[in-house]
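This briefing goes through one protein model, topic by topic. Keep the sequence and the 3D view at hand while reading.

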Amino acid sequence: TIDESVKRDGSYSFRNTLADITPVCRATDGLHREGINHGSITPESIMISNGGKVKLIDFFLNFDSGRASDSPFTAPENRKSGEKSAKGDIYSLCAVLYYMLTGKEPVEVSPEELKKCPELTDEAADAVLKGMSENPELRQDTAEEILAVLNGRKSSFKLDENFDIRSENEESEKNTKPKRPD
């Protein structure tokens with residue numbers, strides 16, 4: 001699995017991340033086109049065969065709606081409700097990308113950790129962070145959008161220095177108004 005690989009070898013290079021995440025992005029989009037949400041995209045649900053073939057597994061592992069997960073790879077809104085959603089899968093996919101590129105679970109997400117990956121462009125780092133926004137409306141609509149940015153085919157929006165992946169509720173609790181990217 002991706003998890004075993006990161007635990008054994010440390011973070012992935014950008015090139016290896018791209019090679020292994022591409023089939024996962026395509027599988028995720030295929031599911032979403034059929035109206036199916038995976039609900040459990042984690043480093044443990046991405047298998048790598050001895051021949052190097054990457055497979056997304058555990059499609060119906062969290063089939064029971066209402067069962068919340070406390071995994072850091074689960075979108076915040078899905079952690080609370082236990083429901084599955086396409087935007088939740090986008091969050092999980094980007095959380096896995098963060099894990100692959102940094103070798104760290106996405107408990108406290110740090111843009112600086114992503115910058116340590118020398119091959120990662122600013123646009124690709126921004127795409128990963130955008131996909132991990134606590135506000136589902138700020139995330140990409142498809143995994144293909146993420147893949148396009150990773151491949152340099154499409155420019156992602158640029159995060160301004162005030163962008164914060166925390167939710168508006170967390171921000172308003174601090175009596176500060178969140179600033180969103182353009």
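Along the sequence, the elements of the protein come in the order α-α-β-β-α-α-α-α-α-α. That gives 8 helices and 2 strands. The model is predicted, and its pLDDT, the predictor's confidence in each residue, averages 83.

**Overall picture**

- Of the 182 residues in the protein, 47% count as buried.
- About 9700 Å² of the protein is exposed, and carbon and sulfur atoms supply 47% of that area.
- Among contacts with a separation of 6 or more, 57% are between residues 24 or more positions apart.

**Confidence**

- A pLDDT of at least 70 is reached by 78% of the residues.
- Confidence is highest in helix H4, at a mean of 96, and lowest in helix H8 (residues 168-173), at a mean of 42.
- Residues 62-68 stay under a pLDDT of 50, and the model has 15 contacts for them beyond four places in sequence.
- Residues 166-182 also have a pLDDT below 50, and this stretch has 22 contacts in the model beyond near neighbours in sequence.

**Helix H4**

- Helix H4 covers residues 86-102, which makes 17 residues.
- At 1.5 Å a residue, H4 should span 24 Å; its end C-alpha atoms are 24 Å apart, so the expected and modelled values agree.
- In H4, 16 of the 17 residues are buried, so the helix is largely enclosed by the rest of the structure.
- Gly 103 comes just after H4 and has a positive phi of about 80°.

**The aromatic pair**

- The count of aromatic pairs, taking ring centres within 6.5 Å, comes to 1.
- The pair consists of Phe 73 and Tyr 99, whose ring centres are 5.6 Å apart.
- Their planes lie at 80°, and planes over 60 degrees apart count as edge-to-face, so this pair is edge-to-face.
- Phe 73 sits in the loop between strand S2 (54-56) and helix H3 (76-81), while Tyr 99 belongs to helix H4; the pair therefore ties together parts that are 26 residues apart in sequence.
- Phe 73 and Tyr 99 are both buried.

**Residues of helix H2**

- Helix H2 spans residues 14-33 and includes Asp 29, Arg 33 and Pro 23.
- Asp 29 has a relative accessibility of 9%; buried means under 20%, so Asp 29 counts as buried.
- Beyond four places in sequence, Asp 29 touches Thr 142, Ala 143 and Glu 144.
- Asp 29 and Ala 143 are 114 residues apart along the chain, but their C-alpha atoms are separated by 5.9 Å.
- Pro 23 is partly exposed, because its relative accessibility of 31% falls between the 20% and 50% cut-offs.
- Pro 23 and Leu 147 are 124 residues apart in sequence, and their C-alpha atoms are 9.9 Å apart in space.
- Arg 33 counts as exposed, because its relative accessibility is 64% and the cut-off is over 50%.
- The C-alpha atoms of Arg 33 and Ala 86 are separated by 10.0 Å, with their positions 53 residues apart along the chain.

**Ile 46 in strand S1**

- Ile 46 is part of strand S1, which runs over residues 46-48.
- Ile 46 is buried, with a relative accessible area of 0%.
- Apart from neighbours within four places in sequence, the contacts of Ile 46 are Thr 1, Ile 2, Val 24, Val 54, Lys 55, Leu 56 and Val 96.
- Ile 46 and Ile 21 are 25 residues apart along the chain, and their C-alpha atoms are separated by 9.0 Å.

**Glu 113 in helix H5**

- Glu 113 is in helix H5, which covers residues 111-115.
- Glu 113 counts as buried, because its relative accessibility is 16% and the cut-off is under 20%.
- The side chains of Glu 113 and Lys 116 are joined by a polar contact of 3.1 Å.
- Outside the residues up to four places away in sequence, Glu 113 touches Tyr 98, Thr 102 and Lys 104.

Conventions: Residues are numbered from 1 along each chain as its sequence is written. Side-chain values use heavy atoms; hydrogens and water are left out. Helices (H or I, at least four residues) and strands (E, at least two) are DSSP runs, numbered from the N terminus. The expected span of a helix is 1.5 Å times one less than its number of residues. Buried means under 20% relative accessible area, exposed over 50%, partly exposed in between (1.4 Å probe, protein chains only). Rings of Phe, Tyr and Trp (its six-membered ring) pair if their centres lie within 6.5 Å; planes under 30 degrees apart count as stacked, over 60 as edge-to-face and the rest as tilted. A polar contact is a pair of N or O atoms within 3.5 Å; within protein, one must be able to donate a hydrogen and the other to accept it, and residues adjacent in sequence count only if both atoms are side-chain atoms. Contact means heavy atoms within 4.5 Å. Accessible areas come from the Shrake-Rupley method with a 1.4 Å probe; for residues, only the protein chains shown count as cover. pLDDT is the predictor's confidence in each residue, from 0 to 100.
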